[in-house]
Amino acid sequence: MTALLFSTPHELQHQLGERLKRLRLSRNLDQRTTAEKAGISEKALRNLETGRGSTVETLLRVLKALDSLQGIDLLAPEATVNPLDLLRQSKPAQRARRRPTQSG
């Protein structure tokens, strides 16, 4: 992970492509089959795998074709607590208040 912090966007794109290629090969899929399953051209898949530029849509289609959409959760995890919501919440009461008695 530390090495990724010092990588350029171009290097990161290349590394992502390599990982997608290894994932595809681990699923025993060739480029043609994967591209067809993703609904993209083989050239678009090659560009993605070699880090030569691609679109987010192509990435998502390939992840879906490889049954690896959990990759999205890793790329952009859902925030479980919104710090702004915490600030907006009223503070809980510090003491219990006595209820007024009813006079009859």
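**Group meeting: helix packing and salt bridges in a predicted model**

Okay, let's start with α4, where A44, L45, N47, L48 and E49 are buried. By buried I mean under 20% relative accessible area, with exposed being over 50% and partly exposed in between, using a 1.4 Å probe and protein chains only. Those buried residues of α4 pack against α2, α3 and α5. Contact here means heavy atoms within 4.5 Å. The helices are DSSP runs of H or I, at least four residues, numbered from the N terminus. Just after α4 comes G51, with a positive phi of about 75°.

Before I go on, the housekeeping. This is a predicted model, so local features need pLDDT of at least 70 and side-chain atom pairs count only at pLDDT 80 or more, while totals for chains, interfaces and linings use all residues. Residues are numbered from 1 along each chain as its sequence is written, and side-chain values use heavy atoms, with hydrogens and water left out.

On confidence: pLDDT is the predictor's confidence in each residue, from 0 to 100. The protein averages 86, and 92% of the residues score at least 70. Among the elements, helix α1, residues 2-5, has the lowest mean at 71, and helix α3, residues 31-38, has the highest at 97. Where pLDDT is low, the predicted coordinates should not be read in detail.

So, on to α3. Its buried residues are T34, A35 and A38. They sit on the same side of the helix, because they cover an arc of only 100° around the axis, taking the directions from the helix axis to the C-beta atoms. Their cover includes α2 (9-26), α4 (42-50) and α5 (56-65). Flip to the other side of α3 and you find R32 and E36 exposed. After the helix comes G39, with a positive phi near 75°.

Now the salt bridges: how many does the structure hold? There are three, counting a side-chain nitrogen of Lys or Arg within 4 Å of a carboxyl oxygen of Asp or Glu.

One is E49 with R24, where the closest N and O atoms are 2.6 Å apart. E49 is in helix α4 and R24 in helix α2, so this pair ties together parts that are 25 residues apart in sequence. And are these two buried or exposed? E49 is buried at 3% relative accessibility, and R24 is buried at 5%.

Another joins E42 and R32, at 3.4 Å from N to O. This pair links E42 in helix α4 with R32 in helix α3, 10 residues apart. Here E42 is partly exposed at 29%, and R32 is exposed at 52%.

Then there's E57 with R61, with the closest N and O atoms 3.0 Å apart. They are four residues apart in helix α5, which means about one helical turn separates them. Both E57, at 48%, and R61, at 33%, count as partly exposed.

Last stop, the loop between α5 and α6. S68 is located there and is buried, at 9% relative accessible area. Leaving aside neighbours within four places in sequence, S68 is in contact with L23, R27 and L63. L69 lies in that loop too, but L69 is partly exposed at 38%.

Definitions and conventions
Helices (H or I, at least four residues) and strands (E, at least two) are DSSP runs, numbered from the N terminus.
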